[in-house]
Amino acid sequence: MDAENIVNIPHSIEHIIIDSRKIIFPKSSLFFALSGPRRDGHQYIAEAYEKGVRYFVVNRNIHSSLYPEAHFLVVRDVLTALQTLAATHRAQFDYPVIGITGSNGKTVVKEWLYQLLSPEFNIVRSPRSYNSQIGVPLSVWQMKPTHTLGIFEAGISTSKEMPLLTAIIQPTIGILTNIGEAHKEGFVDNKEKLLEKLQLFPLCQFLIYCEDHVAEYLDIDANKHTLFHDQLMLFSWGREYDYADVYITGEIYEGPNTIVSFLFQEEPHQIIVPFTDNASIDNCMTCLCVMLVLDIDLPTIQERLMQLRHLEMRLELNKAVNNCHVLNDSYSTDLSSLSLALDYLHQQAGNNPMTVILSDILQTGMHQTELYQFVATELEQRNVHQLIGIGEQITKHKSLFKSAVAKTSFYASTNVFLQQFARKPVPLHLFNREYILLKGARVFSFERINEWLVQKVHQTVLEINLTAMVHNLKQYQQCLKPQTKLMAMVKAFSYGSGSVEIARLMQFYKVDYLAVAYADEGVELRQGDIQLPIMVMNVDAAAFSVLLEHRLEPEIFSFPIYQAFHEYLLNQGVVHYPVHIKLNTGMNRLGFEPHEMEALGRHILQHNTMNIQTVFSHLVGSESAEHDAFTRHQAALFDEAVGILKQYISYPFITHIANSSGIFRHPYLQYQMVRLGIGLYGVDSALEADNPQFQLHTVATLKTTIAQIRKVAANETIGYSRRGKLTRESTIATLRIGYADGYSRKLGNGVGKVWIHGQLAPVVGSVCMDMMMVDITDIPSAKEGDTVELFGSNVQIKDVAVWAETIPYEIMTSISQRVKRVYVEE
């Protein structure tokens with residue numbers, strides 16, 4: 001069947017699936033077998049079929065005898081078929097659709113418009129940042145006759161992508177947020193990028209944009225008739241060009257607010273927005289213009305703008321009381337974001353019980369019984385064991401959840417719930433060793449429940465961005481051959497990031513192996529329901545029983561270790577236990593010498609107690625061109641040793657030698673598997689220096705807060721031993737972090753710097769055990785309680801390592817366990 005005939009699908013299909021792990025309604029789902037550089041969706045047809053899916057879109061003939069009840073729609077290109085289906089679906093509806101593009105601010109503007117326009121419209125919108133060639137059709141598929149407005153994002157990274165998204169979204173109102181540096185590598189210059197983005201709007205009735213952001217690249221008004229149809233009306237705002245429809249004449253900051261004066265239809269007006277940063281003010285002005293285009297009066301606009309808040313555009317996982325974890329998504333409750341949050345909850349919980357605290361779901365346009373029956377099915381399919389419903393409507397429909405969730409309770413309001421429980425410790429019978437999702441509309445103030453549940457610790461946290469980690473994983477996977485396996489290194493508490501949480505993420509994204517340093521790290525992963533094979537890199541006889549009990553696979557690096565493990569297996573009556581053989585090719589740390597391979601091969605063949613899973617070695621200097629000759633020498637020794645071993649071992653085994661830097665710099669050394677370590681965390685100087693188009697994202701951010709600010713006179717000293725000598729009257733901030741938290745004493749006395757209010761502040765005096773001081777004289781806006789970044793997006797960890805005369809590995813793994821780890825997904 002051709003892609004254009006994909007529209008002839010059964011009417012019973014309501015859900016589009018591209019991930020076999022996220023099947024909730026199999027009988028009404030259509031599975032698109034999308035193929036990427038690493039994964040082929042056709043490999044997961046069996047899993048989807050087993051879960052009950054019966055309709056599939058594929059690009060090849062499938063043996064129907066394997067799936068007797070399945071229906072396969074064969075198309076030339078599965079992605080094109082998905083986009084064609086979404087475009088046809090979109091064409092059924094004639095209500096307004098807002099299409100948003102730009103370099104930054106798309107998601108914020110979309111979410112704010114959803115909040116601002118909900119009183120007038122029943123809105124369908126893109127979930128989170130679903131703005132890609134795959135995300136847009138999935139977003140548009142959500143459109144239903146009950147909606148009265150659509151708001152969808154469109155993101156592109158290269159030329160020729162936008163027309164495909166335009167055909168799907170078919171916007172009637174266009175928004176261009178701005179033109180910036182994002183995805184600059186995909187375009188010749190910003191003018192080309194602007195022209196590409198404008199291709200979203202050729203059939204719009206209105207285009208809303210900021211004149212200041214585009215004037216240097218293109219005069220949109222002068223080129224209107226070549227870019228758009230004749231009926232399109234331009235509506236612009238700006239500070240620099242007085243011909244803009246909304247011309248800003250002044251901005252006055254008053255506390256947390258900004259008073260914006262502007263001319264509209266040649267009349268002066270003022271409006272107050274609850275922000276002072278430029279990005280938020282710009283986004284407010286874009287929203288104001290949309291509301292003016294929709295004929296909403298200024299008093300109403302003013303009232304609603306003051307209700308806006310900075311968006312929490314990510315899920316946040318925190319440790320909580322009674323050995324629980326809380327996933328805080330208490331900012332919205334639409335069905336799309338609920339499904340995404342439940343997926344993430346299920347991913348992180350493993351075999352632990354799951355509780356959902358859910359408020360009334362507002363403004364869906366669905367009949368209330370239909371709505372809460374849908375929610376009950378979502379909870380049941382993910383095996384949620386407890387539901388706490390808060391709100392009049394969900395309480396009214398509590399009978400729908402009785403058969404779906406084992407344990408339920410309902411409360412009329414957040415106040416009623418907290419009045420019953422919050423005046424005493426969190427009871428074990430209510431929450432104990434489980435994962436809790438907080439999902440509530442903003443008016444229910446679920447942040448109060450979050451404060452009650454989350455453990456109270458000192459205000460220094462290590463924030464781990466799981467979305468950034470997945471991005472980095474995919475960056476390296478792009479460098480691999482399709483058949484090359486990947487081992488993720490999660491040793492040393494996942495480089496300080498938290499072993500179980502990172503391992504669950506790797507398991508979800510189907511890496512092939514995990515590696516830890518010691519057996520107790522592997523035990524923790526098994527207790528966290530990690531099923532992937534786990535290699536243990538440092539073993540001794542004391543850990544042998546633990547290895548077998550928890551299915552951990554040891555690295556065998558010497559004959560004494562080999563003999564001891566062989567005798568243990570022999571006594572246990574175990575044969576063919578999986579092991580990994582370590583070779584020394586130049587690191588001179590652990591490993592068999594190449595000349596020992598003949599004897600090792602004979603032993604393994606004769607004894608029959610072990611089965612080789614992999615043979616590997618460590619590169620000494622893969623990140624540096626200076627050591628490339630030695631890297632080739634190591635590879636030659638490795639090949640020679642593996643060749644000898646293969647003369648004795650008849651079955652196939654995996655070989656691997658490349659680490660994070662080796663993956664990119666030495667692709668010929670991929671063998672059958674590679675090991676990805678610190679590159680997952682956004683640190684790989686070789687990757688960024690040799691090919692800047694491969695951009696790693698920052699994963700770990702160490703943050704603390706200002707405890708106290710004081711004025712100190714010139715010639716006074718700061719800290720122990722009077723090491724911090726002031727040459728001027730200074731403002732000194734004391735921070736809630738010290739060397740007991742892992743911040744090195746080497747960073748004291750002006751060596752280290754921290755990030756406060758967009759500026760670097762030097763460390764003053766010695767770093768103390770629990771505190772440190774910084775000079776904020778040149779940052780007058782800083783105040784007590786403000787957040788401070790020690791390393792992250794603004795203070796690169798590699799720079800901190802240089803200051804401390806060490807390497808990023810040590811900086812990350814030195815962060816102590818008393819520092820709370822917070823996991824976020826954007």
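**Group meeting: cavities, a pocket and a helix pair**

Okay, let's start inside: the largest cavity holds about 40 Å³ of space. Keep in mind that this is a predicted model. The general idea behind this kind of search is that rolling a probe the size of a water molecule over the atoms shows where empty space is left.

So how many cavities of 30 Å³ or more turn up in the whole structure? Two. Take the largest one. Its lining includes a run you can pick out easily on screen, Lys-582, Leu-583, Asn-584 and Thr-585. Met-587, Arg-589 and Leu-590 line that cavity as well, and Ser-617 and His-618 complete the list. By class, that lining is three nonpolar, four polar and two charged residues.

Now the second largest cavity, with about 30 Å³ of space. Here you want to look at Gly-742, Tyr-743, Ser-744 and Leu-747, together with Phe-791, Val-800, Ile-811 and Ile-815. What's the class make-up of this lining? Six nonpolar, two polar and no charged residues.

Right, on to a pocket. The second largest pocket has about 930 Å³ of space, and 44 residues line it. If you want to centre your view, the lining residues nearest the pocket centre are Ser-660, Ser-661, Ile-678, Val-683 and Tyr-809.

Which elements build that lining? At least two residues each come from helix H17 (491–495), helix H24 (660–665), strand S28 (673–676), helix H25 (685–690), helix H26 (797–803) and helix H27 (808–813). H26 gives the largest share, four residues. As for class, count 22 nonpolar, 15 polar and seven charged residues in the pocket lining.

Last topic, a pair of helices. Helix H21 covers residues 559–572 and helix H22 covers 597–607, and their axes come within 12 Å. How do they sit relative to each other? The axes cross at roughly 5°. Anything under 35 degrees counts as roughly parallel, so H21 and H22 are roughly parallel to each other.

Who's touching whom? From H21, the contact uses Phe-559, Tyr-562, Gln-563 and His-566. On the H22 side you'll find Ala-599, Leu-600, His-603, Ile-604 and His-607. Sorted by class, this contact has five nonpolar, four polar and no charged residues.

So, to recap: two cavities of 30 Å³ or more, a second largest pocket of about 930 Å³, and H21 roughly parallel to H22. That's it from me, thanks.

Note on methods: Residues numbered from 1 in each chain as written. Predicted model: local features only at pLDDT ≥ 70, side-chain atom pairs only at ≥ 80, totals over all residues. Heavy atoms only, no water. 1 Å grid on protein atoms, 1.4 Å probe; cavity = no way out; pocket = protein on both sides within 12 Å on 5 of 7 lines; lining within 4 Å. Points joined across faces, edges and corners; volume = space filled by probe spheres on them. Nonpolar A, V, L, I, M, F, W, Y, C, P; charged D, E, K, R; others polar. Axes fitted to C-alpha atoms, helices over the stretch in contact; angles between N-to-C directions. Parallel < 35°, antiparallel > 145°, perpendicular 65-115°, else oblique. Contact = heavy atoms within 4.5 Å.
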